[in-house]
Amino acid sequence: MSNLIQNIIASHENINLREFTNLLRQSQKHYLLRDDILTIFYQYYSINGEDKNLSRNSNLSKLIYSTQEVILDKESLYFVIRCQIAAQEAYRLWSDMTVEAINSEELSNLRGKLGVSDSSQDGEVLEIDFQSFYDYSSSLSGSKKIGNRVDSLSRYLSSKLFDEHSSSWQETLFNFLRQHKYNGQQLLINERIKNKLQLSEKVKRVLDLLDKYPSHTSYENFRFELRSFGFEPGWGNTASRAQETLSLLEQLIDCADHQVLSNFLSRIPMGFKVLVTSEDVLGQTDTDKQAVYILDGVKELEKQIQENAKLGGLDVLGAIKPKIIVLTGLIPNGKGANCNQRLEKIDDTNNCWILRVPSHKSQLSTAKNEISRFDIYPYLESVTTDSEQELLAEFQRN
């Protein structure tokens, strides 16, 4: 990509590049995203379309279509370029058409200067760690694996179950099963199964027990027998489904396989409290399409969680009511819409809500109107802190 920019500067295209950068400055914005960049480029192209240097195959066109961000300061501008999938490069272009590469730390500092915010109330600075959630997580190598994270993680986890640390991984599997609850009710396994060795032994015994029941026998009919062995609701609503799920667990314990792990996890009822975030402020009159997309997905998610719970045999605990919260922004001055309501029940759901949190730099400086994505940075720390408190309070309520 560096060669591409150098070729532009060394050719007649440098005139077009200079004219285009001047047009970028006329926008009077310090930070432009790809949509804005392309809009301005199309505007430039419409004026100068007869210039042969502006063909789709020109170096300048290739540069613009690869640019994800443009940052402008008084002396120069910065191009953040997607050079390939999951990789980017950044370059500083000076007014004299000289160019230099900048590293990720310099780029991060530059972005930070765009949104110098007031200190948060407790004096803490917002930090976001984009590394894996766990030290043992695998990392994706190669762009072809993007979008297949669950499958890659399943492969990695299952491969570890029988390596030199297999005992610790079986302990992890045991602890995973033991931690699941719904409204305080223990699911999957109880205190009668005290360790991973007992888990392996009792799974085999329960599988033999289930053999004596017809496949469509309701979980209610053998619930207490399973409990006596240490197994709580969550394995299946019929004898055949419980047997299939426990057979997957037995396979995981005896011979780990990524597909078995994936199939097993898909059967375990979990995630009864779910957060969905929306960058658009749901409730404004101009977010109808986005609202329909998100809210329809939330409705389907609620149904899916309830269906998984039913298939897991959780009906014996009463009606299963997952709680889903869609987190978005609150606009106090929003008129003729719902964007000024803190909490709104989502129609045609049992327990799904829109939670709106206002943006402010301090308690004395609350944003009354919608904030552009270019101006949101000073508000991120307070919004993050406030959202955490609001969500914890709402999720504690059934």
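The following exchange between a visitor and a guide walks through a predicted model of one protein.

Visitor: What should I know about this model, and how many helices and strands does the protein have?
Guide: This is a predicted model in which local features need pLDDT of at least 70 and side-chain atom pairs count only at pLDDT 80 or more, while totals for chains, interfaces and linings use all residues. Residues are numbered from 1 along each chain as its sequence is written, and side-chain values use heavy atoms, with hydrogens and water left out. Helices (H or I, at least four residues) and strands (E, at least two) are DSSP runs numbered from the N terminus, and the secondary structure comes to 13 helices and 13 strands.

Visitor: What percentage of the residues count as buried?
Guide: Buried means under 20% relative accessible area, exposed over 50%, and partly exposed in between, with a 1.4 Å probe and protein chains only. On that basis, the share of the 398 residues of the protein that count as buried is 41%.

Visitor: What is the strand order of the open sheet of four strands?
Guide: Two strands pair if DSSP finds at least two bridges between them. β8 and β9 pair in the parallel sense over five bridges, β9 (residues 323–330) is joined to β11 in parallel by seven bridges, and β10 (residues 343–345) pairs with β11 in the antiparallel sense over three. The pairing in this open sheet is therefore mixed, and the order is β8-β9-β11-β10.

Visitor: Which strands stand at the edges of that sheet?
Guide: A strand with a single partner has one side left without a neighbour in the sheet, so the edges are taken by β8 (273–277) and β10.

Visitor: Which residues are the bridge partners of Lys273, Ile324 and Leu343?
Guide: Lys273 has its bridge partner in β9, namely Lys323. For the other two the partners lie in β11, where Ile324 is matched with Cys352 and Leu343 is matched with Leu355.

Visitor: How many residues of strand β11 are buried?
Guide: Strand β11 spans residues 352–358 and is mostly covered. Of its seven residues, the number that are buried is five.

Visitor: Which residue in the hairpin of β10 and β11 takes a positive phi?
Guide: Most residues other than glycine have a negative phi. The hairpin of β10 and β11 has six residues between the strands, and the one with a positive phi, near 65°, is Asp348.

Visitor: Where does Met97 lie, and is this residue buried or exposed?
Guide: Met97 has a positive phi of about 70° although it is not a glycine, and it lies in the loop between β4 (87–94) and β5 (99–102). With a relative accessible area of 9%, Met97 is buried.

Visitor: On which loop should I look for Asn183?
Guide: Asn183 is a residue other than glycine with a positive phi, near 50°. Its place is in the loop between β6 (181–182) and β7 (185–186).

Visitor: Which residues is Thr217 in contact with, leaving aside its neighbours within four places in sequence?
Guide: Thr217 lies in the loop between α8 (196–210) and α9 (223–229), and it is buried, with a relative accessible area of 12%. Contact means heavy atoms within 4.5 Å, and beyond the excluded neighbours the residues in contact with Thr217 are Phe222, Asn237, Thr238 and Ala239.

Visitor: Why are the buried residues of helix α1 on the same side?
Guide: In helix α1 (residues 2–9), Leu4, Ile5, Ile8 and Ile9 are buried. The arc is that of the directions from the helix axis to the C-beta atoms, and these residues lie on the same side of α1 because they cover an arc of only 135°.

Visitor: How are helices α3 and α4 oriented to each other?
Guide: Axes are lines fitted to C-alpha atoms, for helices over the stretch in contact, and angles run from 0 to 180 degrees between N-to-C directions. The axes of α3 (residues 34–48) and α4 come within 9 Å and cross at roughly 150°. Angles under 35 degrees count as roughly parallel, over 145 as roughly antiparallel, 65 to 115 as roughly perpendicular and the rest as oblique, which makes α3 and α4 roughly antiparallel.
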